[in-house]
Amino acid sequence: MNAQVDKVYEQVVARNRGEVEFHQAVREVLDSLTPALEGHPEYTENGLLERLVEPERQIVFRVPWVDDAGNVQVNRGFRIEFNSALGPYKGGLRFHPSVNIGIIKFLGFEQIFKNALTGQGIGGGKGGSDFDPHGKSDAEVMRFCQSFMTELSRHIGPNTDVPAGDIGVGGREIGYLFGQYKRLRNRYDAGVLTGKGLGFGGSLARTEATGYGTVLFAQSMLGTKGDSLEGKTVAVSGSGNVAIYAVEKLQALGGKAVTISDSSGYVVDEAGIDLDLLKQVKEVERGRVADYAARRPGARVATGGSVWQVPCDVALPCATQNELDGDAAATLVKNGCGVVAEGANMPSTPEAIEVFQKAGILYAPGKAANAGGVATSALEMEQNASRTRWDFETANAKLTDIMADIHDSCVETAERYGQPGNYVLGANVTGFTRVADVMIAHGII
Ligand code: NDP
């Protein structure tokens, strides 16, 4: 790191004590910006880094609700409006017991660069709550969502801040949130949330977009070596929205996903994941991966270790942050894995990234590889604004083009800075430059 980067990082740690995931995300970005800063004194003169690491607005609020037994429950809600240089704040809502302000800030910070990479004029934000939807009835989830939106509705709008889903927030939650927003504001602002149901302004291909996009990105990475996913064995972690549609796209491109996981353990299915059964268990029944294994001959459940112990050609982490550590990375490399594309946000620890880069395998960070989700959310906003609805092929074709463009931008930037194949540098420098130049144009705000 150069001296200025060091100083900014130390300020971030001092000012945001205990927010370890946020520190990690900032460090990963700042570390790779040095070459971009060197030829550009205007970034330093305009306090770009100092402004970039400080959210424009941080909203923290009480979310009271009543459970089915009549007890009052209190959760904490967050919305971090991080950077609006390129457009309205855009980023998902996460409902998970581990959520705290540091996790939402790391996600919001990542989102700035990811959204810039899409080229669609969207700023960076993120939100959520420490509410756990697991084991809650639909009525409880609805009451929680209504209470959460009662506060959030003051801060969002189609040209201000446009939330979407993330871990624990899918179509059901977005429906309840949208209903409450409409009721409170007396406005049918279709563009205030994305990931909506198809009957009220949702976009075809949004459900599939993050998983599809991650696999398309992996395909492009392999393409730089004259290779493809055809015939490849793939380890996938997670079993939620991103993992399911990564498996679907992998199968369409001739790859074989042999693992899925959740927080209770993982399943190995050497014959290849049965997609229909996976969707039935996870999307229809809201079950666990163990329920999948119980109904799938030949599949086995493992409770110790992680999916990364299963030999594979390609790894797609699609669960959560820091799920792939240095040891797991070393195991993947030892077993011959040549490509890692992140469907989740920051799933690889800094030690894991170092292992991948030292081994010279293809590694793409989430802000590039999983940008298809937010890109298709921006396509949903576009359809809402023009009151049109594209068919699946149209939306999917646009997603495919955007992912190819993000991939190529990362590759070109990495080459321009003399580090061919370094997708971390490519993604961070491309995203940073797009945001930084606009922040300079807007003046010191
Ligand atoms: P879902 O809630 O649909 O699924 C999350 C999956 O990850 C579940 O299988 C869950 O298991 C598992 N998981 C979550 N937390 C943990 C944990 N602490 N330990 C082990 N497993 C865990 O979320 P998504 O699929 O939407 O999101 C997955 C990742 O992709 C996240 O990092 C998210 O930020 C990222 N992402 C999502 C986008 C989207 O469009 N949905 C867009 C871009 C990135 P369990 O049920 O046991 O908790």
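## A walk from helix H6 to the ligand and beyond

Let's start at Cys145, which has its place in helix H6, residues 138-152. Keep in mind as we go that this is a predicted model. Is Cys145 buried or exposed? With a relative accessibility of 0%, Cys145 counts as buried, because the cut-off for that label is anything under 20%. For a sense of its surroundings, try Phe131: Cys145 and Phe131 are 14 residues apart in sequence, and their C-alpha atoms sit 9.9 Å apart in space.

Since we're on cysteines, how many disulfides does the structure hold? Zero. Cys410 shows how that plays out for one residue. The cysteine sulfur closest to that of Cys410 belongs to Cys318, and the gap is 17 Å, so the two are too far apart for a bond. A disulfide would need the two sulfur atoms within 2.5 Å. Cys410 is also buried, again with a relative accessible area of 0%.

Now for the ligand. Where does it lie relative to the domains? Domain 2 (55-187) and domain 3 (208-369) both give residues to the shell around the ligand, so the ligand lies between them. That shell has 25 residues, and those that come nearest are Asp166, Thr210, Ser263, Arg288 and Asn345. By residue class, the shell divides into 14 polar, six charged and five nonpolar residues.

Which atoms face the oxygens of the ligand? Take Thr210 to begin with: a polar atom of its side chain lies 2.7 Å from a ligand oxygen. Arg206 also uses its side chain, with a polar atom 3.0 Å from an oxygen atom of the ligand. Ala319 brings its backbone instead, where a polar atom is 3.4 Å from an oxygen of the ligand. How much of the ligand does the protein bury? On its own, the ligand exposes 880 Å², and the protein buries 84% of that area. Looking at secondary structure, the elements giving two or more residues to the shell are helix H8 (206-223), helix H9 (241-252) and strand E8 (259-262).

Helix H8 is worth following a little further, to Gly223, which lies in that helix. Gly223 counts as partly exposed, because its relative accessibility is 42%. For a long-range distance to check in your viewer, pair Gly223 with Phe78: the two are 145 residues apart along the chain, and 40 Å separates their C-alpha atoms.

Next, hop over to strand E6 (residues 233-236), where Val234 is found. Val234 is buried, with a relative accessible area of 0%. Measure across to Asn396 and you should get 23 Å between the C-alpha atoms of Val234 and Asn396, for a sequence separation of 162 residues.

Two loops deserve a look if you care about backbone torsions. Arg286 is in the loop between helix H10 (275-284) and helix H11 (289-294). Its phi is near 50 degrees, which is a positive value in a residue other than glycine. Is Arg286 buried or exposed? Arg286 is exposed, because its relative accessible area is 51% and the cut-off for that label is over 50%.

Asn322 is the other one, found in the loop between strand E11 (314-316) and helix H12 (326-334). Here phi is near 55 degrees, again positive in a residue other than glycine. Asn322 is partly exposed, with a relative accessible area of 29%.

Our last stop is Thr433, in helix H17, which covers residues 423-441. Thr433 has a relative accessible area of 25%, so it is partly exposed. What does its side chain contact within the protein? A polar atom of the Thr433 side chain lies 2.6 Å from the backbone oxygen of Val429. Thr433 also pairs up with a residue from far back in the sequence: Tyr43 is 390 residues away along the chain, yet the C-alpha atoms of Thr433 and Tyr43 are separated by 9.4 Å.

Methods. Residues numbered from 1 in each chain as written. Predicted model: local features only at pLDDT ≥ 70, side-chain atom pairs only at ≥ 80, totals over all residues. Heavy atoms only, no water. Buried < 20%, exposed > 50% of the residue type's maximum accessible area, 1.4 Å probe, protein only. Near = heavy atom within 4 Å. Polar contact = N/O pair within 3.5 Å; in protein donor to acceptor, adjacent residues only side chain to side chain. Areas by Shrake-Rupley, 256 points an atom, 1.4 Å probe, with all protein chains shown as cover. Helix = DSSP H or I, 4+ residues; strand = E, 2+ residues; numbered from the N terminus. Nonpolar A, V, L, I, M, F, W, Y, C, P; charged D, E, K, R; others polar. Domains from an automatic or database assignment.
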